[in-house]
Amino acid sequence: MDGITRVPEPLNEPVHSYGPGSPERVRLEARLAELAKATDAPLTMTVGGAQRLGGGERIDVVQPHHHSARLGVLGNATAEDVGQAVEAALKAAPAWRALSFDDRAAVFLKAAELLAGPYRETVAAATMLGQSKTAQQAEIDAPCELVDFWRWNVHFARRILAEQPVSGPGVWNRADHRPLEGFVCAITPFNFTAIAGNLPTAPALMGNTVVWKPSPTQTLSAWYVMRVLEAAGLPPGVINMVTGDGRAVSEVALTHRALAGIHFTGSTATFQALWGRVGQNIGRYASYPRLVGETGGKDFVLAHPSADPAVLRTALIRGAFEYQGQKCSAASRAYVPRSVWQAMKGEFLDEVRALPVGDVSDLSNFMGALIDERAYARNVRAIARARDVHSLDIVVGGHSDDAIGYFVEPTVVTGTDPRQEIFSTELFGPVLAVHVYDDARWEQTLDLVDDTAPYALTGAVVAQDRAAIARATDRLRFAAGNFYVNDKPTGAVVGQQPFGGGRASGTNDKAGAVQNLLRWTSTRSIKETFLPPTDHRYPHMG
């Protein structure tokens, strides 16, 4: 076939409501019950198309909101396991990159349809149980956001291939968008099944082969994502999933001569360690590895004196406490003028206090549990430190209980000293720090928002005064990668922003964007001259 094809027009996947009595709710509740019973399910690696447990220690995957309930068992990948995954990726590379773009794209378009259809409630249920997401949070994550990634990535990739240079008289200039030489290592986080699915598949769409290491606590939904890709016709060895803590990946994959890139989402410290590891080994690689990463952020909501209290109240509750504040984009610090705080404080705190927290299998709950014991302990320690600081006041929440699950109450801390660590240190939990400022100090507060924390992935301004919105947008231009006006700082939708963005995560340019896909190509320029010169002399030579 030599036609210039058009890929299907990408459409964002509609979000199911899972309302009482709805067919999708019945299906979801059935899958929740079935997956919860599979306590000994082997959560295998996939290497060269073959499934087997990693050769290392066995690790239980549990429900964070009911940590005695096991969902399955994984095997920690050994150095030998990772080495075999790398070799499988390198072996599969020639045939995969030789496939036409249409053939590669068809795999991910079919995967999108499978996830939107027959696998929908299975992946949603795995995300709920394994990552303690409510039905709403799981639905907008996987299936919806991952379906969006797969559809829009194909659309964006076709745009890249169609972008060709101009040609002068008698010359034909072309761009050959090659995959990278070697393999890509995708290291993915616990908090979003969609990001975990996008990070290995975006490079694969562009012709690369991948070694994928998901977070241990996200292994259940990652295992099902692999099944979706296999059902869609992904050839063996194109994406090789290894399980466990990742130590062997660091030892073997990141020092391998053929490492061509790292696709990462996770903590700042981890990404800096990965970057340092690559830097230490830069002389041994066949090419310069691409390092593409998204880390966390101390994300903010800034209210102007003209802010609508009801809008601000909703933005803070959803932005700070959906998915227990475990989003890269979650609001963890807020700056509220005194007049607005006085108008909204009582109702806001009452609503936070009333948020239902518990087992996410009970669809009436707004929040679940923190992902594991380490995350729980980090937040408990931070709340304890806040109690000892005289300039901070815990005005709601602050209690925790890990007897059944890793539960921390939604907590609001007000502070008169906005330089305290709770305003600058990322906790990745349901803790919102609020600084109430004098209405007349709007300009000074803009400066405070910008320079308090070393980084922010997302930020929001809430105001009705258009001049204030314009001022905040300009002054905070470099304060966050995604910026929201009169909304919570989460919830960008893939394809509906100029450069993508995550439906649930509010991710920046990594999520379903032309810029991200370009990073997984190595462009070759081709110039063909139809009537080449036959005399080396130029006219000026006489």
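Okay, let me start right in the middle of things: Leu-302 sits opposite Val-461, a residue of strand β19. Before I go on, one caveat: what you see above is a predicted model.

So, β19. Val-461 has another residue facing it as well, Val-485 in β20. The β19–β20 pairing is parallel and takes in 4 bridges. Over to β12, then: β12 and β19 also run parallel, again joined by 4 bridges.

How many residues of β19 are buried? The count is 5 of the 5, residues 458-462, so the strand is largely enclosed by the rest of the structure. If you look at which way they point, Thr-458, Ala-460 and Val-462 go one way, while Gly-459 and Val-461 go the other, and all of them are buried.

Let's zoom out to the sheet. β19 belongs to an open sheet of 7 strands with mixed pairing, and the order reads β14-β17-β18-β13-β12-β19-β20. At the edges you have β14, residues 392-396, and β20, residues 482-485, each of them pairing on one side only. From one strand to the next, the twist averages 20°.

Staying in that sheet, β12 covers residues 299-303 and β13 covers residues 331-337, and this pair is parallel too, over 4 bridges. If you want a residue to click on, take Val-301, whose bridge partner in β13 is Ala-334.

What lies across β14, β17 and β18? That's helix α12, and its direction makes an angle of about 120° with β14. For orientation, β17 is 411-415 and β18 is 431-437. Keep α12 in mind, please, as we'll meet it again in a moment.

Next, the other sheet I want to show. This one is open as well, with 3 strands in the order β1-β5-β4 and mixed pairing. β1, which is 42-43, and β4 are at the edges with a single partner strand each, so each has one side with no neighbour in the sheet. β4 pairs with β5, residues 66-75, in the antiparallel sense, and there are 6 bridges between them. Here the residue pair to look at is Asp-60 with Val-73 of β5 standing opposite.

Now for the pockets. The largest one holds about 1,500 Å³ of space. It has 49 lining residues, and those closest to the centre are Phe-190, Ser-215, Thr-270, Asp-372 and Arg-374.

Which elements supply at least two residues each to that lining? Here α12 comes back, as residues 373-387, along with β4 at 58-63, α8 at 247-252, β10 at 259-265 and α9 at 268-280. So α12, the helix across β14, β17 and β18, also contributes to this lining, and so does β4, one of the edge strands of the 3-stranded sheet. The largest share, though, is from α9, with 6 residues. Sorted by class, the lining comes out as 21 nonpolar, 17 polar and 11 charged residues.

The second largest pocket has about 470 Å³ of space. There are 17 residues around it, with Ser-100, Phe-101, Asp-102, Arg-158 and Leu-161 closest to the centre. α3 (101-116), α5 (135-162) and β6 (171-179) each give at least two residues to this lining. The classes here are 7 nonpolar, 5 polar and 5 charged.

And then there's the enclosed space. Counting those of 30 Å³ or more, we get 3 cavities. The largest cavity has about 90 Å³ in it. Its lining is made of 14 residues, and nearest the centre are Gly-325, Ala-330, Ser-332, Phe-428 and Gly-429. That lining splits into 6 nonpolar, 4 polar and 4 charged residues.

Last stop, a single side chain: Glu-121, in helix α4, residues 120-131. Is Glu-121 buried or exposed? Buried, because its relative accessibility is 6% and the cut-off for buried is under 20%. And what does Glu-121 touch, leaving aside residues up to four places away in sequence? The list is Tyr-18, Glu-24, Arg-27, Leu-28 and Arg-31. So there's another glutamate in that list, Glu-24, along with two arginines, Arg-27 and Arg-31.

That's my tour; happy to rotate the model if anyone wants another look.

Key: Residues are numbered from 1 along each chain as its sequence is written. This is a predicted model: local features need pLDDT of at least 70, side-chain atom pairs count only at pLDDT 80 or more; totals for chains, interfaces and linings use all residues. Side-chain values use heavy atoms; hydrogens and water are left out. On a 1 Å grid over the protein atoms alone, a cavity is a set of points where a 1.4 Å probe fits but cannot get out, and a pocket is an open set with protein on both sides within 12 Å along at least five of seven lines; lining residues have an atom within 4 Å of a point. Grid points are joined across faces, edges and corners, and a volume is the space filled by probe spheres set on the points. Ala, Val, Leu, Ile, Met, Phe, Trp, Tyr, Cys and Pro count as nonpolar, Asp, Glu, Lys and Arg as charged, and the others, Gly among them, as polar. Two strands pair if DSSP finds at least two bridges between them. Axes are lines fitted to C-alpha atoms, for helices over the stretch in contact, and angles run from 0 to 180 degrees between N-to-C directions. Contact means heavy atoms within 4.5 Å. Buried means under 20% relative accessible area, exposed over 50%, partly exposed in between (1.4 Å probe, protein chains only).
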